[in-house]
Amino acid sequence: MARLLTTLLLVPLLTLAVPCTAGEKVAFFGIHLLDNSIQTEAAGQDPAELVRRDMLEELVRERFTAEGWELLDLAPVQDRLDRVVNPAKCYGCDARMATDLGADYALVGEVQKISNLILTVNLQLRDASSGETVKGRVVDIRGNTDASWMRGMRYILKTAFFDGEEQ
């Protein structure tokens, strides 16, 4: 029974161990902010969170570029992308658009704000031809600050995508 349980736990991890190499083409569809918090419902969207989302997108772009990945221009699919609420949850439209761009992978992210104390950061790399997730991670962070958001994304990049984190 223990062996079966171990096998069931390891198989999903092995499927995420697909080797990806620098030089491959990536369509990065940005990071979507999901906000279900009472704070935003009461006070409206905090502009600082939109700036933080932009900071995370820039961090991801810089890191993938520094590692030798080619980030593609989204202009040819921008009209379709503008009609998508959240590219991370669009039933494969991200992979289809990535394929149309000639990308090897689609890269999508999310930050979900549950409250000013609890947030979740998510980044997923999907094979453009199959739509299957090949690398990704979700982390919970505590605190709604620039430092906590950046720490969460750096952790994802370090542990799920690249061997070590650039500072």
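1. The buried residues of helix 6 pack against five elements: strand 1 (25-35), helix 3 (47-66), strand 3 (105-113), strand 4 (118-127) and strand 5 (133-142). The model is a predicted one, and the points below should be read as a description of that model.

2. The residues of helix 6 that count as buried are Ser-148, Trp-149, Met-150, Gly-152, Met-153, Ile-156, Leu-157, Ala-160 and Phe-161. An α-helix has 3.6 residues a turn, so residues three or four places apart point the same way. The list of buried positions can be read against that rule, with Trp-149, Met-153, Ile-156 and Ala-160 among them.

3. The length of helix 6 was checked as well. The helix covers residues 146-161, which is 16 residues, and at 1.5 Å a residue these should span 22 Å. The C-alpha atoms at its ends are 22 Å apart, so the expected span and the model agree.

4. Strand 1, one of the elements packed against by the buried residues of helix 6, also pairs with other strands. With strand 3 the pairing is parallel and runs over eight bridges. Within this pair, Asp-35 has Lys-113 of strand 3 as its bridge partner.

5. Strand 1 is also joined to strand 2 (residues 70-71), again in the parallel sense, by two bridges. Here Val-26 stands opposite Leu-71 of strand 2.

6. The structure contains one disulfide. The bond links Cys-90 and Cys-93, with an S to S distance of 2.0 Å. The torsion about this S-S bond is about -100 degrees, and the disulfide is therefore left-handed.

7. Are the two cysteines of the disulfide buried or exposed? The cut-off for buried is under 20% relative accessible area. Cys-90 has 14% relative accessibility and so counts as buried. Cys-93, with a relative accessible area of 11%, is buried too.

8. For the chain as a whole, the secondary structure amounts to six helices and five strands. Along the sequence they come in the order α-β-α-α-β-α-α-β-β-β-α. Helix 6 is the element discussed in the opening points, at residues 146-161.

9. Some totals complete the picture. The chain has 167 residues, 43% of which count as buried. Among contacts with a separation of 6 or more, 62% are between residues 24 or more positions apart. The accessible surface of the chain is about 9300 Å², and carbon and sulfur atoms make up 56% of this surface.

Note on methods. Residues are numbered from 1 along each chain as its sequence is written. This is a predicted model: local features need pLDDT of at least 70, side-chain atom pairs count only at pLDDT 80 or more; totals for chains, interfaces and linings use all residues. Side-chain values use heavy atoms; hydrogens and water are left out. A disulfide is a pair of cysteine sulfur atoms within 2.5 Å. Buried means under 20% relative accessible area, exposed over 50%, partly exposed in between (1.4 Å probe, protein chains only). Helices (H or I, at least four residues) and strands (E, at least two) are DSSP runs, numbered from the N terminus. The expected span of a helix is 1.5 Å times one less than its number of residues. Contact means heavy atoms within 4.5 Å. Two strands pair if DSSP finds at least two bridges between them. Accessible areas come from the Shrake-Rupley method with a 1.4 Å probe; for residues, only the protein chains shown count as cover.
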